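Subject: Structure handover

Hello,

Here is the structure I promised to pass on. Please open it alongside this email.

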Amino acid sequence: MTLDPAVKELLARSELPDAPALPPTAAELRAAFAASWQPPETVEEVASVTDHVLPSGVRVRLYLPEAAGAAPAFVWIHGGGWTIGSIDENEVASRAVCNAAKVAVVAVDYRLAPENPFPAAPDDCYDVVEWLASGGAGEAVDPGRIAIGGESAGGNLSTVVSMMSRDRSGPPLAAQVLICPVYGHPDDGFRSYADFAEGFGMTAGAMRFFFDQYVSDPAQLNDPYLLPLRATDLTGLPPALVLTAEYDVLRDEGEEFARRLTDAGTRVEMTRYSGQIHGFYGLYTDLPASPRSHAHVASFLTRVFDRRN
């Protein structure tokens, strides 16, 4: 396949913020990202949007749909290489999924590296799941129906939290939504790292930079809670929707992980979005594929929660 014409236009007019020409500091990259990102001119209306601070100090943003009774919860974890990003830039996707799937979207503002390296981010995200399961979000959210999902580093954290919940006999999760997820390391030899190393937004060099921020000890690269492809046991994880982008350094590791989940007995739906680049779901929402992917996620969540009613 060839690049989507809309993606070609985006690449032609933009110097994408996650592809620095020279290694920056985390603060410099955050500033560049903030300067380049423009909030959407319009967003879908939802029943309510409120920010909450958990007892642990983690901030979340809760989007509620118009619904009779308590809505299922969908924990959403933003991307950004564990180093940049916030709950703000996923407003379009969060609101679209909230309305279409009639779920309460709970966007997590987890601590960022390098100030807070691994395992701060997964610990924060797991705290949010426990908070929801204990009824912390109130009567409008069903504490017994929780799914989790994220894009890029957020996809990584979604699976890591699923593994943590399994290993700790924690709150059961109904599903995981994994969009362009990080599961391996740039040195793992996946072909997509070579084929799309430069020129498609997310670069191999940017991923190395993000790992340098997140990992404080090289031995951690063998920890499945950091890189799920290191796991020897993937049984007992929730059903998964895996979406990859054709022109993405992370494509092959996401698809390899989907195969391993399937081999471990997990029900997996996997779709490669042809002609797309990293960030097509939550960041570059002007791309025609973006609303299609939101509808895809909403349909999956609707089916998941219908099975659990």
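Below is what was found, starting with the sheet. Please keep in mind that this is a predicted model.

**The sheet**

Eight strands form an open sheet. Their order is 1-2-4-3-5-6-7-8, and the pairing is mixed. Strand 1 and strand 8 (268-277) are at the edges. Each has a single partner strand, so one side of each has no neighbour in the sheet. From one strand to the next, the twist averages 20 degrees.

**The first strands in the order**

Start with strand 1 (residues 48-53) and strand 2 (residues 59-64). They pair in the antiparallel sense, over six bridges. Look for H52: its bridge partner in strand 2 is V60. The two strands make a hairpin, with five residues between them. In the turn, G57 has a positive phi of about 100 degrees.

Strand 2 also pairs with strand 4 (residues 104-109). This pairing is antiparallel too, over five bridges. Here R61 stands opposite A107 of strand 4.

**Helices on the sheet**

Helix 4 packs on the sheet. It touches strand 1, strand 2, strand 3 (71-77), strand 4 and strand 5 (141-151). The direction of helix 4 makes about 160 degrees with that of strand 5.

Helix 8 (residues 251-263) lies across strand 6 (176-179), strand 7 (240-247) and strand 8. Helix 8 runs at about 155 degrees to strand 7.

**Helix against helix**

Helix 4 (residues 120-133) also packs with helix 5 (residues 153-167). The angle is about 65 degrees, and the axes are 9 Å apart. The crossing is right-handed. Helix 4 brings A121, P122, D123, C125, Y126 and V129 to the contact. Helix 5 brings L157, V160, V161, M164 and S165. Of the residues in this contact, nine are nonpolar, one is polar and one is charged.

**The cores**

In soluble globular proteins, nonpolar side chains tend to be buried together. In this model, the largest nonpolar core has 93 residues. Which residues have the most contacts inside it? They are F74, L132, V297 and L301.

Take L132 as a place to look. Its contacts, leaving aside neighbours within four places in sequence, are A73, V75, V106, A137, V141, P143 and I146.

There is also a second, separate core, of 13 residues. Among them are M163, L178, L229 and F257.

Best wishes

Notes
Residues are numbered from 1 along each chain as its sequence is written. This is a predicted model: local features need pLDDT of at least 70, side-chain atom pairs count only at pLDDT 80 or more; totals for chains, interfaces and linings use all residues. Side-chain values use heavy atoms; hydrogens and water are left out. Axes are lines fitted to C-alpha atoms, for helices over the stretch in contact, and angles run from 0 to 180 degrees between N-to-C directions. Helices (H or I, at least four residues) and strands (E, at least two) are DSSP runs, numbered from the N terminus. A crossing is left-handed if the near helix is turned anticlockwise from the far one by less than a right angle, and right-handed if clockwise. Contact means heavy atoms within 4.5 Å. Ala, Val, Leu, Ile, Met, Phe, Trp, Tyr, Cys and Pro count as nonpolar, Asp, Glu, Lys and Arg as charged, and the others, Gly among them, as polar. A nonpolar core is a set of buried Ala, Val, Leu, Ile, Met, Phe, Trp, Tyr and Cys residues joined through side-chain atoms within 4.5 Å. Buried means under 20% relative accessible area, exposed over 50%, partly exposed in between (1.4 Å probe, protein chains only). Two strands pair if DSSP finds at least two bridges between them.
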